[in-house]
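Reader: Hi! I'm in my first year and still learning to read protein models. Could you take me on a close look at the largest pocket here, and show me how it sits in the rest of the chain?

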Amino acid sequence: MTTGAAALLTVAFVVAAVDWFAVGTGRTPLEYACKPAATVAFLATALTLDPASGTERAWFVAALVACLVGDVLLMLPRDAFVGGLGAFVVAHLCFTAGFASVEGSGVRLAIGLGAVALVAVPLATRFVRAMRAGGQSALVGPVVGYVVVIGAMVAAAVATGNGWAVAGAVLFLASDALIGETRFVRPYPCGPVVVMVAYHLALAALVVSLV
């Protein structure tokens, strides 16, 4: 990793930590500033590091831009959940394309798909039941589609055999699973903070996996 990239990654973590504080203490204006700023810093890090694959980096940059759009949509005062979901679908498709652009293993892919299915199917079933019980049946299709896409991204990360990529993908899945749990099933006192911590650590790990 270049010196500039390392410095930008440090900035990203500092801004992310401020965002965690803002979310935990209900400082909405500070959150509005820091949440997208952290993603921009991770994006800048990806642009300045020396990647093992330029093609993979290009896909990851596109994914991080989509994440930035999703960040903004999901923190708007009005409910733009479906729009935010769509932006992150694009992000996961780009991450998946990035993983597919480097050499992977069919055996690891099969293992990844099996492991994801063991987690994603029960989660999706739980969320679908909660959405239907809560009168949100219109969201069933988008949410199930999202689970399929992020599951494919995690499996593609496992196929690469890159530990940082796997960690980032799993953290992304964990963050989004908690979003679904708190939105559709029941809220947790520290849920929003844990979501953001897992999300930012996921972005960091995915960016570092490029080196």
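**A close look at the largest pocket**

Author: Happy to! Let's begin with one helix: α7 gives the largest share of the lining of the largest pocket, 10 residues. Please keep in mind that this is a predicted model.

How big is the space itself? The largest pocket has a volume of about 840 Å³. A total of 36 residues line this pocket, and those closest to its centre are Leu-74, Phe-81, Ile-179, Thr-182 and Val-195. If you want to find the middle of the pocket on your screen, those five residues are good ones to click on.

Now step back to the helices. The elements that give two or more residues to this lining are α2 (28-48), α3 (54-74), α4 (81-100), α5 (106-133), α6 (140-160), α7 (163-185) and α8 (191-208). As for chemistry, the lining of the largest pocket divides into 25 nonpolar, 4 polar and 7 charged residues.

It helps to set a second pocket beside this one. The second largest pocket has a volume of about 160 Å³. Its lining includes Leu-113, Val-116 and Ala-117, as well as Val-144, Val-147 and Gly-151. Two helices, α5 and α6, each supply at least two residues of that lining, and α5 gives the largest share, 7 residues. Here the residues divide into 10 nonpolar and 2 polar, with no charged ones.

What kind of chain holds these pockets? The chain has 8 helices and 0 strands. On overall size, a compact globule of 211 residues would have a radius of gyration near 17 Å, and the chain agrees, with 17 Å. Along the principal axes, the C-alpha atoms fill a box of roughly 50 × 45 × 25 Å. Of the 211 residues, 46% count as buried. Among contacts in the chain with a separation of 6 or more, 73% are between residues 24 or more positions apart.

One last stop is the cysteines. A search of the whole structure finds 0 disulfides. Why is Cys-34 not bonded to Cys-67? The closest cysteine sulfur to that of Cys-34 is the one in Cys-67, and because the two are 18 Å apart, they are too far for a bond. Cys-190 is in no disulfide either, and its nearest cysteine sulfur, that of Cys-34, is 19 Å away. The surroundings of these two residues can be compared as well: Cys-34 is buried, with a relative accessible area of 10%, whereas Cys-190 counts as exposed, at 54% relative accessibility.

Terms used. Residues numbered from 1 in each chain as written. Predicted model: local features only at pLDDT ≥ 70, side-chain atom pairs only at ≥ 80, totals over all residues. Heavy atoms only, no water. Disulfide = S-S within 2.5 Å. Buried < 20%, exposed > 50% of the residue type's maximum accessible area, 1.4 Å probe, protein only. 1 Å grid on protein atoms, 1.4 Å probe; cavity = no way out; pocket = protein on both sides within 12 Å on 5 of 7 lines; lining within 4 Å. Points joined across faces, edges and corners; volume = space filled by probe spheres on them. Helix = DSSP H or I, 4+ residues; strand = E, 2+ residues; numbered from the N terminus. Nonpolar A, V, L, I, M, F, W, Y, C, P; charged D, E, K, R; others polar. Rg over C-alpha atoms; globule rule 2.2 N^0.38 Å. Contact = heavy atoms within 4.5 Å.
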